Amino acid sequence: MKIVVTGGLGFIGSHVVVELQQKGFEVVIIDNLSNADKNVLNGIAEITGITPVFEELDLRDKDSVVDFFSRYTKIDGVIHFAASKAVGESVENPLLYYENNLNTLVYVLQEMQKKENANFIFSSSCTVYGQADIMPITENAPVKPAESPYGNTKQIGEEIIKDVCNVTPSLKAIALRYFNPIGAHKSAIIGELPIGTPQNLVPYIMQTATGQREQLSVFGDDYPTPDGTAIRDYIHVVDLAKAHVVALEKLLKNDMQSNFDFFNIGTGKGSSVIKVVNTFKKVTGTNLNYKIVARRKGDVVEAYANTTKAKSILGWQTELTLEDALADAWRWEQKISS
Ligand code: UD1
C-alpha cells in the first residue's frame, strides 16, 4: 500500500511516517521544506530502517501537484498535513494562510477526485469548536466562528472536503480534530523543531528549561478553573500519529458509514498550564522559571476531548501519559540544544 504524506517532514507528519512504515506501508513524502529540515528523513530512516521517497514540492504550485499525481498513479491514500499553523502569523498575513492551507487542499482534492478510489485524511484542529459550552467536547458540539484566519482555514478545509465528498462517492475522507499535540519520538531521533520563538506552551517550556529563554510567561491565572490557569488536552504525538494509521486503515477497509467523517483526537483529560509546568518539573527534576502575566488574546478557558467516538468507531485511544510526553520532549530538547 502506497501512502502520500504531505508535510511529512514536519512535527506530526514525521511521526506519522514512522508509524506507517512500521506497519508496512510504503510512504512518499511531499514537503516544501518551508518549516521542516531535510535531515528529518535520516531520522525516519534511523528509526524504521527505511528511507521514504521524498519529493520536494510546493503544493501551491498547481502544475507541480498535477505532475506529481501523473507520476504516482498507484496511490492508496493521502494524509494531508502540509499547512501553516501559527495563529498570530495568520492574523498578520491572512492571505498567506488562505493560500497555504486552502489552495493546496483544493489542488490535492482535484487530483483525488480524478481517481477511481481515493482515501484522504485531513489535519484539523479542536480550534473549530472555539470555547465550547460543554466539557468534554463531543463531535456534536457546534463549530464556532473562527478566532483567527488559521482557525478559519481548518473550518473551511473541512467544509471543502465535505462538499467534495458529497458529489464524489469514490472519495472517502476523515478529518482528525487534534487537541494539543506535544512530545517527541521516544528514541529522541525526531521531534518538534520550532522556528524562532515558540508560540506553543511545551516548546517554550523546553527552551526555558535549557536556558534559551529566560522565563516562561503563564498567560493568565484568573480563569474560572481550579488553579486559575487555562486547561487543554495535551496528547503525545506518537498516540496522535497512531490515530492517523487507524483512520487510514478504516478508509482502506471501506468500513465507514458515510464517505466523510470527523473525530476528536485527544486524551480526554484536561491539564492546566500550572499542571503542565509542575509535571515537567517532577518528571525531569529540572527547575523552571515562570511568571504569571495577562491572558493571551483569543485563548479559550478550557478545551478537552470527549473521545468516545474515536474509541467506538476507530477503536483508537491514547496509551501514553502527559508524563511520557514531557519526558520524551525533554530528551529530544536536550539532544537538539546540546
Ligand atoms: C494553539 C492555537 C490552536 C492551534 C494550536 C496549533 C491559539 C489560541 N490556539 O493552541 O488553534 O491549533 O496552537 O499549534 O493560539 N501558554 C502559556 N505560555 C506560553 C504559551 C502558551 O501560558 O508561552 C498557555 C496558553 O495560554 C494556553 C496553553 O498554554 O492556555 C496552550 O497554549 P498553546 O500551546 O499555544 O496551544 P493552544 O493555544 O491551545
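This is a short tour of the ligand site and one pair of helices in a predicted model.

**Stop 1: the ligand and its neighbours.** Start by selecting the ligand, then show the residues around it. There are 19 of them, and L201, S217, R232, R296 and D299 come nearest. Try colouring this shell by residue type: you should find 9 nonpolar, 7 polar and 3 charged residues.

**Stop 2: polar partners.** Now zoom in on R296. One of its polar side-chain atoms sits 2.8 Å from an oxygen atom of the ligand. Next, click on S125, where a polar side-chain atom lies 3.1 Å from a ligand oxygen. For Q199, switch on the backbone: a polar backbone atom there is 3.5 Å from an oxygen atom of the ligand. How much of the ligand does the protein bury? Taken alone, the ligand exposes 740 Å², and the protein buries 88% of that.

**Stop 3: a strand beside the ligand.** Which strand gives the most to the shell around the ligand? Select residues 216–219 and you have it: this is strand β8, which contributes 4 residues. While you're here, pick out S217, one of the residues that come nearest to the ligand.

**Stop 4: two helices.** Leave the ligand and select helix α1 (residues 11–22) together with helix α8 (residues 237–252). How do you describe a pair like this? Two packed helices are described by the angle and the distance between their axes. Here the axes come within 8 Å and cross at roughly 60 degrees. That angle makes α1 oblique to α8. Turn the view until one helix lies in front of the other, and look at the handedness: the crossing of α1 and α8 is right-handed.

Definitions and conventions. Residues are numbered from 1 along each chain as its sequence is written. This is a predicted model: local features need pLDDT of at least 70, side-chain atom pairs count only at pLDDT 80 or more; totals for chains, interfaces and linings use all residues. Side-chain values use heavy atoms; hydrogens and water are left out. A residue is near a molecule or strand if one of its heavy atoms lies within 4 Å of it. A polar contact is a pair of N or O atoms within 3.5 Å; within protein, one must be able to donate a hydrogen and the other to accept it, and residues adjacent in sequence count only if both atoms are side-chain atoms. Accessible areas come from the Shrake-Rupley method with a 1.4 Å probe; for residues, only the protein chains shown count as cover. Ala, Val, Leu, Ile, Met, Phe, Trp, Tyr, Cys and Pro count as nonpolar, Asp, Glu, Lys and Arg as charged, and the others, Gly among them, as polar. Axes are lines fitted to C-alpha atoms, for helices over the stretch in contact, and angles run from 0 to 180 degrees between N-to-C directions. Angles under 35 degrees count as roughly parallel, over 145 as roughly antiparallel, 65 to 115 as roughly perpendicular and the rest as oblique. A crossing is left-handed if the near helix is turned anticlockwise from the far one by less than a right angle, and right-handed if clockwise.
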